[in-house]
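Thank you for letting me take a few minutes this morning. I would like to go slowly through a few backbone details and then turn to how two of the chains are related.

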Amino acid sequence: MQLGRVTGKVVATRKLDSIANLKMLIVQPLDQDKRPMGKETVAIDTVQAGQGDTVFFVTGREASFPLPEAFNPVDATIIGIVDSID
Amino acid sequence: MQLGRVTGKVVATRKLDSIANLKMLIVQPLDQDKRPMGKETVAIDTVQAGQGDTVFFVTGREASFPLPEAFNPVDATIIGIVDSID
Amino acid sequence: MQLGRVTGKVVATRKLDSIANLKMLIVQPLDQDKRPMGKETVAIDTVQAGQGDTVFFVTGREASFPLPEAFNPVDATIIGIVDSID
Amino acid sequence: MQLGRVTGKVVATRKLDSIANLKMLIVQPLDQDKRPMGKETVAIDTVQAGQGDTVFFVTGREASFPLPEAFNPVDATIIGIVDSID
Amino acid sequence: MQLGRVTGKVVATRKLDSIANLKMLIVQPLDQDKRPMGKETVAIDTVQAGQGDTVFFVTGREASFPLPEAFNPVDATIIGIVDSID
């Protein structure tokens, strides 16, 4: 998983049916000190994350496991909101 | 998923049968401000994307889920066209 | 697998139910000489690793194999503590 | 998928039985203008590609789908020869 | 697959049971001319590779296919020893 900050939202009317009802957020990966690190990604939200939230997200085949359809073509999903880093 | 811009099309007559009827586009990944970021990839089109369109695409094992054959050897697929980024 | 050092712990109360009881550590990848190399990741702990330990971790689809639920959305898991590198 | 150019061939007599009969080529990834981009990889050939050919190849779990054995430990496979890029 | 050179061995007494009997080597990826390229990885050995050998290894989900247990949490495995590169 990676730490990240929600920095935007993607609006798309023309897309695959299977992802029609999923919220897509732009996430900037962060390091342990919450500094930007690496490339932005578009991730599905499963925890009601909002603009500016520090989150952690999972990538790859596992990213579709939390979704209603296991074979959703999704490769990045926000699965938690970070309270603090010790 | 990643944001990207369609920048070209790959023409190939000699290829695996299972991908014979798939349209292959070249996509330049973009950041949130639509600036080029990272390396171009060749992605299958499922949403009738055209040259210059801003799209988002999925990579990895999940990329073949939207295709007729689940075991298609495809690792990048365009699954939506971006209207705007908030 | 990669070598890494445990550098922190992620605290998150709002997260997916399926990962509610998993300990999430921040790991800095290391090279053979234990120098930092590449980007930090958040990994699940399965071997009671602690702050400062040199560990090795697995990434990708395989990262969820050691967990109770095979379809846990986890993409990095610590699977051993390093004694020495010859 | 990525564009690439075949730049060499790997000869190995001691290898896993399941890959004993597969041709392994070295491929240099290319950008849209056929300039080298990123790191060389060793890919299995399924389309009779030869030295200097411009090809496209698939990576990851999907790379083994075109092979006789679905559980072949292969992570990069050449699946087409490029005629032109528009 | 990638070319690499065996540069070390990882010793770990505290690790997951399912990987208890696997030999873990450190591999430095190489380019076609056998120059170091990219980051070291820890890979399981299946071909009796030794210190200094030029090998090729597979990464990702496929890395566990050559192992006795298909669901071993392994993401990099050495599958051959290179005789020469043409």
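**Two loop residues and an axis**

Let me begin with E:Lys34, which counts as partly exposed, because 13 other C-beta atoms lie within 10 Å, and a residue is called exposed at 12 or fewer and buried at 20 or more. Please keep in mind throughout that what we are looking at is a predicted model. Where does E:Lys34 sit in chain E? It is found in the loop that runs between β3 (24-30) and β4 (41-45) of that chain. What is notable about the backbone there is that E:Lys34 has a positive phi, about 65°, although it is not a glycine. As background, most residues other than glycine have a negative phi.

Now let us move to chain D, where D:Gln48 is also not a glycine and has a positive phi of about 60°. This residue belongs to the loop between β4 (41-45) and β5 (54-59) of chain D. Is D:Gln48 buried or exposed? D:Gln48 counts as exposed, because it has 10 C-beta neighbours inside 10 Å.

Finally, how are chains D and E related to each other? A turn of 72°, with a shift of 0.0 Å along the axis, lays chain E on chain D with an RMSD of 0.0 Å, and that is the relation of a five-fold axis. Within chain E, the C-alpha nearest this axis belongs to E:Arg61, at 5.2 Å from it. The copies nevertheless use different surfaces, since 7% of the contact residues of chain E recur in chain D.

How values were computed: Residues are numbered from 1 along each chain as its sequence is written. Chains are lettered from A and ligands numbered from 1 in the order in which they are written. This is a predicted model: local features need pLDDT of at least 70, side-chain atom pairs count only at pLDDT 80 or more; totals for chains, interfaces and linings use all residues. Copies are superposed by least squares on the C-alpha atoms of residues with pLDDT of at least 70 in both. Two residues are in contact if their C-beta atoms, placed from the backbone, lie within 7 Å. Helices (H or I, at least four residues) and strands (E, at least two) are DSSP runs, numbered from the N terminus.
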